[in-house]
Amino acid sequence: MRRTALSAVVLVLGATLGACDGETAVSFADARALADGAAAAMEGKAAKFATEVTAGTMRSKSQGQARVARAGTALAMTTDFLGEPLELRLVDKIVFAKVPESSREDVPGGKPWVKVSDNGTVGADPFSQVAGDSIDQLAKQNDPGRALDQVRRAGTVTESGHADLDGASTEHYRLDIDMAALGGDLPAGLSAEAVGELHGKLGKIPMEVWLDDARQPVQIVLDLAPVLAASGVPDSAMARIVTRYSDWGTQADIQAPPPEEIGEIPAG
């Protein structure tokens with residue numbers, strides 16, 4: 001009797017342990033570990049990216065390359081800005097925009113590039129005053145390092161597991177991003193003033209992160225529906241930013257434009 005009971009216990013334990021061994025746990029248990037681990041995995045590497053921004057019926061797409069480093073991500077990208085293609089570079093935390101040929105007459109010497117300031121910069125040129133914040137955010141929202149920093153400072157993992165993404169196995173994390181914890185570094189072009197105008201209605205924004213088997217981001221999705229809901233837009237309106245990363249380890253020589261090609265649009 002004892003031998004039979006003992007054998008049954010051994011079989012049950014063996015089956016339980018075997019099931020545990022067969023399950024693959026995710027790599028990170030909390031938001032800080034997720035951000036630190038993914039940041040370490042992509043440090044010094046470059047990848048291609050493609051971003052789609054959806055807000056109701058509006059669609060905007062961007063594509064380019066990003067080289068990630070602790071000192072700051074470098075980006076070279078093309079986006080459709082106000083219905084026209086716009087080439088941007090982010091180097092040493094400075095955003096450069098390539099002026100469309102039809103507008104170069106406004107730049108002394110017809111130079112093809114301008115340095116973009118946010119519109120709060122004292123003495124900012126007219127171009128930056130009108131579009132500086134939008135262009136700055138267009139560039140920086142594609143930076144996986146910045147997204148992970150927001151996860152580190154304000155994220156809470158709500159769910160994690162494994163999922164197939166385009167036929168590849170990934171680790172999938174769902175998070176809530178606490179807007180109050182981000183301070184002035186808000187995602188998706190949101191300004192502190194805009195968030196303040198919502199009078200505390202906007203608390204957290206959902207984010208999802210997919211990592212490949214090397215713990216590198218392959219997709220980041222930011223759900224902006226709570227922003228629309230807090231602003232009184234019908235719940236049926238969808239708003240989100242989806243960024244896909246591929247070819248980690250690709251070669252990417254991303255440099256600022258040559259000084260002689262950078263002009264300045266005069267004020268006034």
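A contact, as I use the word in these entries, means heavy atoms within 4.5 Å.

**Entry 1: overall composition**

I began with the chain as a whole, noting that the model is predicted. Among contacts between residues at least 6 apart in sequence, I found that 56% join residues at least 24 apart. I then listed the secondary structure and obtained six helices and twelve strands. For burial, I noted that 40% of the 268 residues in the chain are buried. I also looked up the accessible surface: the chain exposes about 14,500 Å², and carbon and sulfur atoms supply 52% of that area.

**Entry 2: the nonpolar core**

I next asked which residues have the most contacts inside the largest nonpolar core. They are L34, L88, V151, L175, M207, L211 and L224, in a core of 48 residues. Helix 2 provides the largest share of this core, namely five residues.

I followed L34 further. Leaving aside residues up to four places away in sequence, L34 touches F28, V151, Y173, L175 and L211. Of these partners, V151, L175 and L211 are themselves on the list of residues with the most contacts inside the core.

**Entry 3: salt bridges between helix 2 and helix 4**

I counted the salt bridges and recorded eleven in the structure. I examined the pair R152 and D36, whose side chains meet with an N to O distance of 2.7 Å. This pair links distant parts of the chain, with R152 in helix 4 (residues 144-154) and D36 in helix 2 (residues 31-42), 116 residues apart.

I checked whether the two partners are buried or exposed. R152 has a relative accessibility of 22% and is therefore partly exposed, since the class of buried residues ends under 20%. D36 is also partly exposed, with a relative accessible area of 36%.

I then turned to R153, which forms a salt bridge with D149, the closest N and O atoms being 3.0 Å apart. About one helical turn separates R153 and D149, because they are four residues apart in helix 4. I noted R153 as partly exposed at 35% relative accessibility, and D149 as partly exposed at 25%. Salt bridges with shared partners join D36, D149, R152 and R153 into one network.

**Entry 4: a salt bridge between two loops**

I looked up R70 and found a salt bridge with E43, the closest N and O atoms being 3.8 Å apart. Where in the chain do R70 and E43 lie? R70 is in the loop between strand 2 (58-67) and strand 3 (74-81), and E43 is in the loop between helix 2 and strand 1 (46-55), so the pair ties together parts that are 27 residues apart in sequence.

I compared the accessibility of the two partners with the cut-offs. R70, at 70% relative accessibility, is exposed, because exposed residues are those over 50%. E43 has a relative accessible area of 28% and is partly exposed.

**Entry 5: the second largest pocket**

I recorded a volume of about 400 Å³ for the second largest pocket. Its lining comprises 19 residues, and those closest to the pocket centre are A69, R70, D143, G145 and R146. R70 thus appears again, having been noted in Entry 4 as the salt-bridge partner of E43.

I asked which element gives the most to this lining. Helix 4 does, with five residues. Helix 2 and helix 4 each supply at least two residues of the lining. These are also the helices that hold D36 and R152, respectively.

**Entry 6: the loop between strand 4 and strand 5**

My last entry concerns backbone angles. I located D92 in the loop between strand 4 (84-91) and strand 5 (94-98), and K93 in the loop between strand 4 and strand 5 as well. D92 has a positive phi of about 55 degrees although it is not a glycine. For K93, also a residue other than glycine, I noted a positive phi near 65 degrees.

I recorded D92 as exposed, with a relative accessible area of 69%, and K93 as exposed, with 62%. Finally, I looked up the separation of D92 from T73: their C-alpha atoms are separated by 7.6 Å, with the two positions 19 residues apart along the chain counted as their distance apart.

Conventions:
Residues numbered from 1 in each chain as written. Predicted model: local features only at pLDDT ≥ 70, side-chain atom pairs only at ≥ 80, totals over all residues. Heavy atoms only, no water. Buried < 20%, exposed > 50% of the residue type's maximum accessible area, 1.4 Å probe, protein only. Core = buried A, V, L, I, M, F, W, Y, C linked by side-chain atoms within 4.5 Å. Areas by Shrake-Rupley, 256 points an atom, 1.4 Å probe, with all protein chains shown as cover. 1 Å grid on protein atoms, 1.4 Å probe; cavity = no way out; pocket = protein on both sides within 12 Å on 5 of 7 lines; lining within 4 Å. Points joined across faces, edges and corners; volume = space filled by probe spheres on them.
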